[in-house]
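Work through the exercises below with the sequence and the coordinates open. Each task is followed by a solution in steps.

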Amino acid sequence: QVQLVESGGGLVQAGESLRLSCAASGNIFSINAMGWYRQAPGKQRELVAVFTGGGSTNYADSVKGRFTISRDNAKNTVYLQMNSLKPEDTAVYYCNAKLKRTTSDPLRNYWGQGTQVTVSS
């Protein structure tokens, strides 16, 4: 079994910061890509920031310059530092990982349970 456990969400005022964490645990051989998506009420889930399979980062235009993704490979953990938060950043933030459980396992897609981020104006 593989689990992605997120933490760090909460309620903040506009202009403040939050740091999200996501730890992957369980039977993991290798992680190909890992990062963050979000879904606001009535909207589709969208990419926020990810480490791609090639190791580079990809950010949504709306968060560039404000959010920073980082990782600790030894802990299978990714972080999302969110600065200068805006009310439009309000959403449930989901961790995503594309990983292999064994050498012969196909690449599988996993999601965390989500953590709520609410930014008041």
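**Exercise 1. Burial and overall form**

Task: State what share of the residues in this predicted model is buried, and decide from the radius of gyration how compact the protein is.

Solution:
- Buried residues account for 39% of the 121 residues in the protein.
- In secondary structure, the protein has 11 strands and zero helices.
- The radius of gyration is 14 Å, close to the 14 Å given by the globule rule for 121 residues, so the protein is as compact as a globular protein of that length.
- Along the principal axes, the C-alpha atoms fill a box of roughly 50 × 25 × 25 Å.
- The accessible surface is about 6,400 Å², and carbon and sulfur atoms hold 46% of it.

**Exercise 2. The largest nonpolar core**

Task: Identify which residues touch the most other members of the largest nonpolar core, and which strand gives the largest share of it.

Solution:
- This core has 30 residues, and those touching the most other members are W36, L80, M82 and Y93.
- Elements giving two or more residues to the core include β1 (2-7), β4 (30-39), β8 (77-82), β9 (91-100) and β11 (115-120).
- The largest share, five residues, comes from β9.
- For contacts across the whole protein, take pairs at least 6 apart in sequence: 55% of them join residues at least 24 apart.

**Exercise 3. The surroundings of S70**

Task: Place S70 in the secondary structure, classify S70 as buried, partly exposed or exposed, and list what S70 touches beyond four places in sequence.

Solution:
- S70 is part of strand β7.
- The relative accessible area of S70 is 30%. Buried requires under 20% and exposed over 50%, so S70 is partly exposed.
- Leaving out residues up to four places away in sequence, S70 touches F51, T77, V78 and Y79.
- Q81 is 11 residues from S70 along the chain, and their C-alpha atoms are 8.1 Å apart.

**Exercise 4. Positive phi in two loops**

Task: For N76 and S84, give the phi angle, the loop and the exposure class.

Solution:
- N76 is not a glycine, yet its phi is positive, about 50°. N76 sits in the loop between β7 and β8. Its relative accessibility is 24%, so N76 counts as partly exposed.
- S84, also not a glycine, has a positive phi of about 50°. S84 belongs to the loop between β8 and β9. With 39% relative accessibility, S84 counts as partly exposed.

**Exercise 5. Charges**

Task: Count the positive and negative side chains and say how far apart the centres of the two sets lie.

Solution:
- The protein carries 13 positive and 8 negative side chains.
- The centres of these two sets are 6 Å apart.

Technical notes: Residues numbered from 1 in each chain as written. Predicted model: local features only at pLDDT ≥ 70, side-chain atom pairs only at ≥ 80, totals over all residues. Heavy atoms only, no water. Core = buried A, V, L, I, M, F, W, Y, C linked by side-chain atoms within 4.5 Å. Buried < 20%, exposed > 50% of the residue type's maximum accessible area, 1.4 Å probe, protein only. Helix = DSSP H or I, 4+ residues; strand = E, 2+ residues; numbered from the N terminus. Rg over C-alpha atoms; globule rule 2.2 N^0.38 Å. Contact = heavy atoms within 4.5 Å. Areas by Shrake-Rupley, 256 points an atom, 1.4 Å probe, with all protein chains shown as cover. Lys, Arg positive; Asp, Glu negative; His and termini not counted. Charge placed at Lys NZ, Arg CZ, Asp CG, Glu CD.
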